[in-house]
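Here are some short exercises on reading interfaces and folds, each with a worked solution. Keep the viewer open and follow along step by step.

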Amino acid sequence: MKVNKNIAISESGFIFNPGTGDSFSTNAMGQEIIRMLNEGKTREEITDFILSRYEVEKGILEKDLGDYFFMLGTYHIVQNG
Amino acid sequence: MLPYERPIITRYNPGITNKFGSRVDYFPFTQIDGVPVKRIIDEYGSPCFVLSERTIRDTYRNALRAFSTRYPKVQFAWSYKTNYLNAVCQVFHQEGAWAEVVSMFEYQKALQNGVSGDQILFNGPDKTADDLRTALHNNSLIHIDHFDELYLLSEIVREGGKKARVAIRINMDTGVYPQWDRFGFNYENETAWEAVQKIMGQPNMILTGLHCHIGTYMLSTRAYHLAATKLAQLALKIKSQYGHRIAYIDIGGGFASGNTLKGSYLQGSDVIPTMDDYAEAITTALLGSGIPTTELPYLYLEAGRALIDDAGYLLGSVVAIKRLSDGRRATIMDFGVNLLFTSFWYDHRITPAQEFSRHTEDMVVYGPLCMNIDVVRENISLPLLNRGDQVVVHRVGAYNMTQWMQFISMRPNVVMIDREGGVHLIRERETVDTLNQQERTPAHLRANPQQ
Amino acid sequence: MKTLNIALTGLNNIDSPGPGVPVARALRAGGLKHVRIIGLAYDNLEPGLYMHDLIDRSYQIPYPSAGSEALFNRLKAIHDIEAIDVVIPNFDAELHNFMRISDRLKSELGIHSFLPDHDSFEMRQKSVLAEWGEKLGIKVPTTKPAFSWSEARQMASELGYPLMVKGKYYDAFTAHDADQAAAYFYKLSAKWGLPVLLQQIVKGTEVNVTALGDGTGGCIGAVPMRKMYITDKGKAWAGITLQDDRLLEIARTAINGSRWRGGCELEFIKTHDDQYYLIEMNPRFPAWVYLAVGSGQNHPEALVRLALGESVGPMTRYEVGKMFVRYSYDQIVDLKEYEHINTHGWL
């Protein structure tokens, strides 16, 4: 999964997609995930990282990540593959 | 380890405001009358109804003050159908309220709660001959709804014994839409007067009161003013034609609670009249009606919703969160329209019972039933909720604990918090046995013939 | 010298404009010293948000449907930063909540306002306007409130088509038949709630008055205007001040009869036989209020002075034949600003 080119994300969690003109807001956890995607981390690596730092069960995290990646795809922020 | 928050992303829709605009609640609702919500759920399960005795008493005393400081003779009668849990009724009775019932089962409840028969107002269109005999025997106030009932009662009083103390229910045009003309006798077309004449001609019936109930969730105090004026005029007419003095005028109920009706642009609590507004409209009508001060009738009130709604809370938990095919967030709660019948017409306020961050999501809130109409809120903006999170639904004291359904799941525990913060179980949760004890399975259909 | 911090809403200077921007302009043009204008916005694209020469800082506030408590809490948070002296709400739909909390704003936060009381606000509601007009001897077209379409259909056939279908707070459409009326009924009830109003159409010229009442029956200022050009949304694009003593007298009767406190707009139709029909009394300044300023009466400034407890004498003179010609203007906005209002709730 790759973050689309030119997607701008600010410190406040404001995301702008220059290709579509849409803007979005994401929370701190979302920012962290997008940062890791930008670093080229895989879904598994992201999962392991969050599990090592945050108080969350693996099953819940996987469900939440699935939903988040689905929305990133819906909003054309990431490309699969 | 750091605290975890589910990642979310929301698109800004031009023109549609964000969290600063749409958020209503900035703080979690963690306790009721000082008792932690979490503790109640730990001890009594989720979902769970909670009633605040303090709020009931405060609300009642405020209503009584509003009317009795304006009018010399005021009597409230607790509307059993609104919430007939015995503990609730007893709070009202301790405060001095009589009982207003609309069925024999409610009537029996009132008697069992220690209400004296002559302090029960018996309303409703469906009273059987036996019901009427019981009411007559106990000297209760029988509010006649239609001519069939009037004829039935006149036969019963001929059986001898006591005289019936009766009132007639009257419907009228008060500028309210829809006009509730299905109950009682109509004022404008003289049917009400015809009923008065028939009763005055019955030696064994005493026309004691005049009753009306103009609607429900009434936002207009002017309609009450009009209704009280018309009843007072009728009382004056009865006095002048028959020399008979009406003992009481029962203006019914229908006062609005702070809930927000679906389709209303403003919040219910911002638009409803106060109890003082209602009292002002009704009492000025009676005081200015021309009835001499020494002959003023008692004013009876049957308020239900406005006296109990605020005192009731429903505690519940998040069962699941999911996403609908159109991308909307859906939250499934462990309570639905089976327990929250009023969600068919109110946009109930729902508040998380634990800390939350500044982020919110627009969502549909569903109940747990396997049926499509089980929707608690069609669109609400709430902080991020996770499975197991607890929420508080506000203003659920009226009608939910009488109209609830045994559909798919059983009714949960109901607790009351007393004025010292003590929590009392006032109705135990139903189990499969609750249902089964009423059932009779023929022998040849039993799984276990020994049953 | 202390600055005077004035908060106001209605920054939506769009094709159906709110009066916030012209009110801000009026306050800057007047004799008030050291004015700081704080914009209060509902939407993130209200143009006034981005007019930094006119509005010093803006904050988002919760929609009226969130209730008066949410509004109070948000205003309190803004007040902690801005020390608001006066607040001027400029939307019909928000007034109810502002009126409800105005005493608390004053006593708990020291924020002044100058709003009508509940009774005068209610008596000019569209559904009871006719009744009120009758009491004062002001003609009002027959208007009926409908709570369901079946009820509306019945009323409509009594009134006859074409007729006006109006929302409880905003929006009005002309319906030529029952199908159109039904469509408007559902649209308006979904947007503004019930009732929806049906109103008889009176033919003639639209003439309006912007006015300021002192709350005791006195009229502090009133300027009549005829719309010269009307957009497809029914808004004036250009208008001219009139000399019309009869119209002014009717306006003063309305202000007096309602003990109106604050700004308002009276909309009339003047028929061909010179009858004046009151169509609506809007409970705030109109978007064209700056025409009053330009012709000699600064109503927003006077309102601020009244709100602060100063005594203000009635303004009776204004220049007849002054015009306004509205124009649209494309502001250039940096994405950073849009981001800021969205993520921080202020700009």
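A salt bridge here is a side-chain nitrogen of Lys or Arg within 4 Å of a carboxyl oxygen of Asp or Glu. This is a predicted model, in which local features need pLDDT of at least 70, side-chain atom pairs count only at pLDDT 80 or more, and totals for chains, interfaces and linings use all residues. Residues are numbered from 1 along each chain as its sequence is written, chains are lettered from A and ligands numbered from 1 in the order in which they are written, and side-chain values use heavy atoms, with hydrogens and water left out.

**Exercise 1. Describe the contact of chain C and chain A.**

Solution.

Step 1: count residues. Chain C gives six residues to the contact and chain A gives five, where contact means heavy atoms within 4.5 Å.

Step 2: look at the area. The size of an interface is often given as the accessible area lost when the parts come together. Buried area is that loss for two parts (1.4 Å probe), summed over both. Chain C and chain A bury about 460 Å² between them, with 75% of it on carbon and sulfur atoms. On the chain C side, C:Leu335, C:Glu339 and C:Thr343 supply 76% of the area buried against chain A, more than any other three residues.

Step 3: check the pairs. The rule finds zero salt bridges between chain C and chain A. Two residue pairs are in polar contact, both residues being at pLDDT 80 or more. A polar contact is a pair of N or O atoms within 3.5 Å; within protein, one must be able to donate a hydrogen and the other to accept it, and residues adjacent in sequence count only if both atoms are side-chain atoms.

Step 4: sort by class. The chain C side that touches chain A has two nonpolar, three polar and one charged residues. In this scheme Ala, Val, Leu, Ile, Met, Phe, Trp, Tyr, Cys and Pro are nonpolar, Asp, Glu, Lys and Arg are charged, and the others, Gly among them, are polar.

**Exercise 2. Do the same for chain C and chain B, and find which helix of chain C gives the most residues.**

Solution.

Step 1: here 34 residues of chain C and 22 residues of chain B take part in the contact. The two chains bury about 2,300 Å² between them, 51% of it on carbon and sulfur atoms.

Step 2: there are two salt bridges across this interface. C:Glu131 and B:Arg222 meet in a salt bridge, 3.1 Å from N to O. The rule also finds seven residue pairs in polar contact, both at pLDDT 80 or more.

Step 3: on the chain C side, helix H2 (68-82), helix H3 (92-109), helix H7 (178-192) and helix H11 (335-344) each supply at least two residues. H11(C) gives the most, with five residues. Helices (H or I, at least four residues) and strands (E, at least two) are DSSP runs, numbered from the N terminus.

Step 4: by class, this side of chain C has 15 nonpolar, 13 polar and six charged residues.

**Exercise 3. How do the two domains of chain B meet?**

Solution.

Step 1: set the bounds. Domain 1 covers 21-50 + 310-430 and domain 2 covers 53-309 of chain B, bounds that come from an automatic or database domain assignment. Their C-alpha centres lie 33 Å apart.

Step 2: 26 residues of domain 1 are in contact with 26 residues of domain 2. The domains bury about 2,500 Å² between them, 52% of it on carbon and sulfur atoms. In domain 1, B:Tyr346, B:Tyr399 and B:Arg419 lose the most area to domain 2, together 27% of what that side buries.

Step 3: three salt bridges cross the interface of these domains. B:Glu378 forms a salt bridge with B:Lys262, where the closest N and O atoms are 4.0 Å apart. There are also 18 residue pairs in polar contact between the domains (both at pLDDT 80 or more).

**Exercise 4. Which parts of chain B does the pair B:Glu295 and B:Lys239 tie together?**

Solution.

Step 1: the side chains of B:Glu295 and B:Lys239 meet in a salt bridge at 3.0 Å, N to O.

Step 2: B:Glu295 lies in the loop between helix H11 (275-287) and strand E14 (298-301) of chain B, and B:Lys239 in helix H9 (residues 221-242) of chain B, so the pair ties together parts that are 56 residues apart in sequence.
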